[in-house]
Each structure stands twice: as structure tokens, then as C-alpha cells.
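Please open the structure in a viewer and keep the sequence panel visible. The tour below proposes selections one after another and states what each of them shows.

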Amino acid sequence: MSDSNAPPPSLYASREPIFPKRVSGSFRNLKWIIMIVTLGIYYITPWLRWDRGPQLPDQAVLIDLANRRFFFFWIEIWPHEFYFVAGLLIMAGLGLFLFTSALGRVWCGYACPQTVWTDLFILVERWIEGDRNARLRLHRQKKMDFRKMRLRATKWVAWFLIGLATGGAWVFYFADAPTLLVDLVTGQAHPAAYITMLILTLTTFFFGGFAREQICIYACPWPRIQAAMMDEETLTVGYREWRGEPRGKHRKAEGAENLGDCIDCMACVNVCPMGIDIRDGQQMECITCALCIDACDDVMAKIGKPRGLIDYLAFSDEPRERAGHDPRPVWKHIFRPRTIMYTTLWGLVGIGLVFALFIRPEIEMTVAPVRNPTFVTLSDGSIRNTYDVRLLNKHGEDRPFRITLTGDPTLRIQLEGTPYETVDVPANATYLQKVYVIAPTSSGPAAAERTEFRFWVEDLTNGDRAHNDTFFNGKAN
């Protein structure tokens, strides 16, 4: 019988900090390499130089918000070419689907920024406070003596400096890095730069130092949607329960011959940054960092058992292995219709972007007819239409552009502010030119409702041309 007067159980459980133990092995080495490469790219990229000429920035990767352009080494993306950015985002999404379908949450375990920075913060914590047991003792120590204060202060200062470097590196992507660094140090930078750095510094400090696995479990949506990307052929970190169970430590006790390979040493649990036991089966918290594989392999080597008690497994292999057969080769899990489809789509989008990059014109023109009024009748009876013509010069120097039209031979063109058909367009800029098109009073376009014609713009320096079709409004309009 239940006691109706008993208080309801609490739905809240305070978080127990996780202090993963240091581990060595091939997957740990792979994670070190990926961490060094990704952090190196992030911190160093704003300082790379790229010579684009005297009137363009020499920062290799720059998001120039003031001039609404994105520079990536020799590639320059203008606002109207945002489809390149959209294409890259599509490729990133397809790449994530591909790797998740083939290798589970490999992105989360190796390259996600939360994983990389948390790994770095744990490394700093280990350097300052010691390995797992030392950190546990320090955490459980109630008294805040001088040693604990010193270790805590040293760790937090180191974490803050990492956060500051992270926030500082981010703002360097939006302005010339050397110039902005001097402005930041001398207090002359824009307040937005200081505010952005402060926000990123504090979020990095909190997410990497304190929240850690809580971000992956409660804030990130990916663990909840990853199941749609995985199937029974997906390779993910798992425990060979049919080989390890029943687990037991006492190998010399009676009945020990019936035990499985798992000696219940808890090594896989102690190295897990998420604090889970992979032997309990697949769990949402598992980011497949594979550190438990390294820990288990090390133990198996010491007790003379074959490696792989914890390993990258596919669900489809379980029946085969339980029946005593070898698992299917890895390549058969990776190369299957689903992953081939993702790879094909990824490649097609990439090829399309490269093709579009090489065929894009160096000059561009847009034409907007002025609607108010639609046309004007001049003193001699001729009809005049007005157009706003925008010319884009993507070159690093000023260039003369000539504007002409083709279509009805009675139409003639006149540029506002100049008796000529040419205008000088500044380097790397869009130039707005008001253009008049006039039809004599007795001509067909003057009497008709609409007459189609084509504007042409020609770069007089290299002969490149571009055109835009529009129409002329006559008196019948």
C-alpha cells in the first residue's frame, strides 16, 4: 500500500561534476590531432595575409560587413552571390548526414566546438589540479584552504584567458586583425568589438569549464534527431555484451571460468567525459568519442584478452557475432546506398558551386524602370522613360563602362550628368547611373504600349559585356 501523505518525488537532481581519467590510445591520439588542427585553424586564420592589390584588404579570410563582402583567399563573394554561402551550408548539412549515417555521432565526438573546447579545458584542469583522483579529492574537500584557493584561481584564470583568446579570434574575422588588435589594446576599437569579445569569452568560459556535458545533453538538438540519420548498418561505439557478460573481477574464484571478458574495472566509465557506462547499451548522452575503447583495449591487453570488447559496432553484426561468425568488413557498413546517395548529392552541390564560381561574370548590371511617372512627354512631343542602372565593378581599379541599347533603331539613350555614353565606375563598388531612353514623337515605340529592348554595358578596358532586357512605355500605356 502506498502512503498518500508521502511527499512526491523530486524531479530535480543536482549535477555531479565529471572528472574523466587520462587515457592513452589511438582514438585519444586522433582526438589530440583534431583538436590541434581545428584550434590552429581557428586562431591562426585571421592572421594569414593575401595580396589582392592596393585597394583591397590583404587579410586572407575576412567578413567585410562594412562593404558587404566576404573574402576567402582568392575568392570574393558579393551580397548578391549569397547562393555560394547557401551552397556551402547545404554541403555542410549533407556532410553531417553522411558521417552520422556511416559513423554515428562522429562529429560530436571529435570535431564539435563544444567537444574540442571542453577537451582543452579538461586538459588545462588536469595540468593544474592533477588526474581524476586528485581532482575528485579536491572537489570533495569541504575546507577552502590556501592550496584549494590557489588551484581554483589558477585554473579559472587559465580558462578565462582561453575564452578571451577565443572571443578575440572571432572578432578578428570581421576586421583587419593587426589593426583591430592595436585598437583593442589602446581602447580605440568600436564598442561592438568589446561587447562581442566579452560575450564569447564568458560563454566559452562557462560552456567549456562548467556546463560541459550539460550542453550536449540538454541544449544541443542533435542527439534527439540523430536517430533519423542512423540505421542498423551505422558504426557506433558499443559493448560486446555477448562476449563480456557475465562480468566479474575475481578470476581465481570458483566458477570464474563462466565469466565473460569484462572484469568490471570501470576503466571505460572513468574516462568517459559524459559520465555514462557504455555497457548499459546505446544512450543519448554518448558522443562516441571512443575514449572507452582505448581504456578497454588497454585493460584487455594487460589481462591477455583480445581487444574490441568495446568497439565501433553495427547493430546488424550482433546476430552474426553471437552465432560465432566474424563481423562484416567495415567498408561494407560504410559503402551502402544511403551513404553513396549522400556522397553523390554532396559532390554534385560541390561541383555546381565550383562551376558557378568559374563562370560568374566580372561585371554585372541591374536595371530598374522608374514607375512614377511611367513616361514623360517632352516639349518636342517625344516620349522619355527613365531607368536606374546599377553597374558592379568587381576589379581592383576604376574602370570606364559604356552603356548602349539594342532593339528598335529609333530609340536613343542619354546618361544623366554626361553627354557621353561612358561612366567611370569605382573599383570594387556598385555605381548608380540614371539613364534616359527617348523615342521620337512619330516613332512606333512612342505610340505603342510597350516596346522591348536590351541594355548593354561594356568594360572598355577588357571588352567584357553584360546585358539586361527591359521595355519602353509609350503613350498607349
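Select glycine 104, just after helix 2: in this predicted model, glycine 104 has a positive phi of about 65°. Now extend the selection backwards to helix 2 itself, residues 83-103. With 21 residues at 1.5 Å a residue, helix 2 should span 30 Å, and its end C-alpha atoms are indeed 30 Å apart, so expectation and model agree.

Colour the buried residues of helix 2 next; among them are Phe84, Met91, Leu94 and Leu98. Glycines also belong to this buried set, namely Gly87 and Gly95. What do the buried residues of helix 2 pack against? Their partners are strand 3 (75-77), helix 10 (222-225), helix 15 (330-334) and helix 16 (337-359).

**The strands**

Strand 3 leads to the next selection. Show it together with strand 2 (residues 69-72); the two pair in the antiparallel sense over three bridges. Phenylalanine 72 has isoleucine 75 of strand 3 as its bridge partner. These strands form a hairpin with two residues between them, and in the turn phenylalanine 73 has a positive phi of about 50°.

Add strand 1 (residues 61-64), which runs antiparallel to strand 2 and is joined to it by four bridges. Here leucine 62 is matched with phenylalanine 71 of strand 2. The hairpin of strand 1 and strand 2 has four residues between the strands, and arginine 68 takes a positive phi near 55° in it. Finally, display the side chains of strand 2: Arg69 and Phe71 make up its covered face, whereas Phe70 and Phe72 make up the uncovered one.

**Helix 5**

Move to helix 5, residues 132-140, and select its buried residues Arg135, Leu136 and Leu138. Viewed down the axis of helix 5, these buried residues fall within an arc of 165°, so they line one face of the helix. They pack against helix 4 and helix 6. Asn133, Arg137 and Arg140, on the other side of helix 5, are exposed.

**The salt bridges**

Side chains of opposite charge can pair when their charged atoms come close. The model holds 35 salt bridges, and three of them are visited here.

Select glutamate 125 and lysine 155, whose side chains form a salt bridge of 3.2 Å, N to O. Because glutamate 125 lies in helix 4 (residues 113-129) and lysine 155 in helix 6 (residues 146-172), the pair ties together parts that are 30 residues apart in sequence. Are these two residues buried or exposed? Glutamate 125 is buried, with a relative accessible area of 2%, and lysine 155 is buried as well, at 5%. Both residues belong to a network of salt bridges that also includes Arg126, Glu129, Asp131, Arg135, Arg152 and Arg212.

Next, select glutamate 364 and lysine 394, a salt bridge whose closest N and O atoms are 3.0 Å apart. Glutamate 364 is in strand 6 (residues 363-369) and lysine 394 in the loop between strand 8 (383-393) and strand 9 (399-406), so that this pair too links parts of the chain 30 residues apart. Lysine 394 counts as buried, at 9% relative accessibility.

End with arginine 49 and aspartate 58, whose side chains meet in a salt bridge of 3.2 Å, N to O. Arginine 49 is partly exposed, with a relative accessible area of 35%, and aspartate 58 is partly exposed at 34%.

Conventions. Residues are numbered from 1 along each chain as its sequence is written. This is a predicted model: local features need pLDDT of at least 70, side-chain atom pairs count only at pLDDT 80 or more; totals for chains, interfaces and linings use all residues. Side-chain values use heavy atoms; hydrogens and water are left out. A salt bridge is a side-chain nitrogen of Lys or Arg within 4 Å of a carboxyl oxygen of Asp or Glu. Buried means under 20% relative accessible area, exposed over 50%, partly exposed in between (1.4 Å probe, protein chains only). The expected span of a helix is 1.5 Å times one less than its number of residues. Contact means heavy atoms within 4.5 Å. The arc is that of the directions from the helix axis to the C-beta atoms. Two strands pair if DSSP finds at least two bridges between them.
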